[in-house]
Amino acid sequence: MILTKAQYDEIAQCLVSVPPTRQSLRKLKQRFPSQSQATLLSIFSQEYQKHIKRTHAKHHTSEAIESYYQRYLNGVGKNGAASVLLELANEVDYAPSLMARIVLERFLQEHEETPRTGREKFMRPLKYPKRRALPLYVII
């Protein structure tokens, strides 16, 4: 079935009111049964990427970074087993992986790493897993 611009806009508008979770994708499938799961997933991904791009600058101010880092430390201090990063990312409506990167880069800055050196130390094992000298959990 061909997707019209009006149908796309209706699906995108529906996405504004739901959090980016698998349950939301199921709700979309129920609401738009004529569309394939792949189509809905594609629209879901595109709209989420647009949202992240629009809000990126807001989450990368020095005040926001410091706030996220302190909240992360407080959360881990209270309950080390809790999924603090996931909860924090959901609370501020940001991708959990990008929230983890913000917190990790801030951690590396605190431990006398220059931002560039810290970022390279963090990103190299992720980009080139076959060259990984240490297991990933040791680095993080």
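Is Glu91 buried or exposed? Glu91 is exposed, at 58% relative accessibility. The points below take this residue with the rest of the structure, which is a predicted model.

1. Overall make-up. The protein has eight helices and zero strands. Read from the N terminus, the order of elements is α-α-α-α-α-α-α-α. Of the 140 residues in the protein, 27% are buried. Among contacts with a separation of 6 or more, 43% join residues 24 or more positions apart. The accessible surface amounts to about 9800 Å², and carbon and sulfur atoms supply 56% of that surface.

2. Confidence. The average pLDDT of the protein is 81, and 78% of the residues reach at least 70. Among the elements, helix α4 (residues 62-78) has the highest mean pLDDT, 92, while helix α8 (residues 136-139) has the lowest, 44. Residues 134-140 have pLDDT below 50, and in the model this stretch makes four contacts beyond near neighbours in sequence. Where pLDDT is low, predicted coordinates should not be read in detail. A reading of helix α8 should keep its mean pLDDT of 44 in view.

3. Ser24. This residue is placed in helix α2 (residues 22-31). Ser24 counts as buried because its relative accessibility is 3%, which is under the 20% cut-off. Apart from neighbours within four places in sequence, Ser24 contacts Val18, Pro19 and Phe44.

4. Salt bridges in general. The whole structure contains seven salt bridges. Side chains of opposite charge can pair when their charged atoms come close. Three of the pairs are taken one by one below, among them Lys5 with Asp9, Arg31 with Glu10 and Glu91 with Arg71.

5. Lys5 and Asp9. These residues form a salt bridge in which the closest N and O atoms are 2.9 Å apart. Both belong to helix α1 (residues 5-16), and because they are four residues apart there, about one helical turn separates them. Lys5 has a relative accessible area of 60% and is therefore exposed. Asp9, at 35% relative accessibility, is partly exposed.

6. Arg31 and Glu10. The side chains of this pair meet in a salt bridge with an N to O distance of 3.9 Å. Arg31 is in helix α2 and Glu10 in helix α1, so placed that the pair links distant parts of the chain, 21 residues apart. Glu10 is partly exposed, with a relative accessibility of 40%.

7. Glu91 and Arg71. Here the side chains meet in a salt bridge at 2.2 Å, N to O. Glu91 belongs to helix α5 (residues 84-92) and Arg71 to helix α4, so this salt bridge ties together parts that lie 20 residues apart in sequence. The two partners fall in separate accessibility classes: Glu91 is exposed at 58%, whereas Arg71 is partly exposed, with a relative accessible area of 31%.

8. A shared network. Glu66, Arg106 and Glu110 are joined into one network by salt bridges that share partners.

Technical notes
Residues numbered from 1 in each chain as written. Predicted model: local features only at pLDDT ≥ 70, side-chain atom pairs only at ≥ 80, totals over all residues. Heavy atoms only, no water. Helix = DSSP H or I, 4+ residues; strand = E, 2+ residues; numbered from the N terminus. Buried < 20%, exposed > 50% of the residue type's maximum accessible area, 1.4 Å probe, protein only. Contact = heavy atoms within 4.5 Å. Areas by Shrake-Rupley, 256 points an atom, 1.4 Å probe, with all protein chains shown as cover. pLDDT = per-residue confidence, 0-100. Salt bridge = Lys/Arg side-chain N within 4 Å of Asp/Glu carboxyl O.
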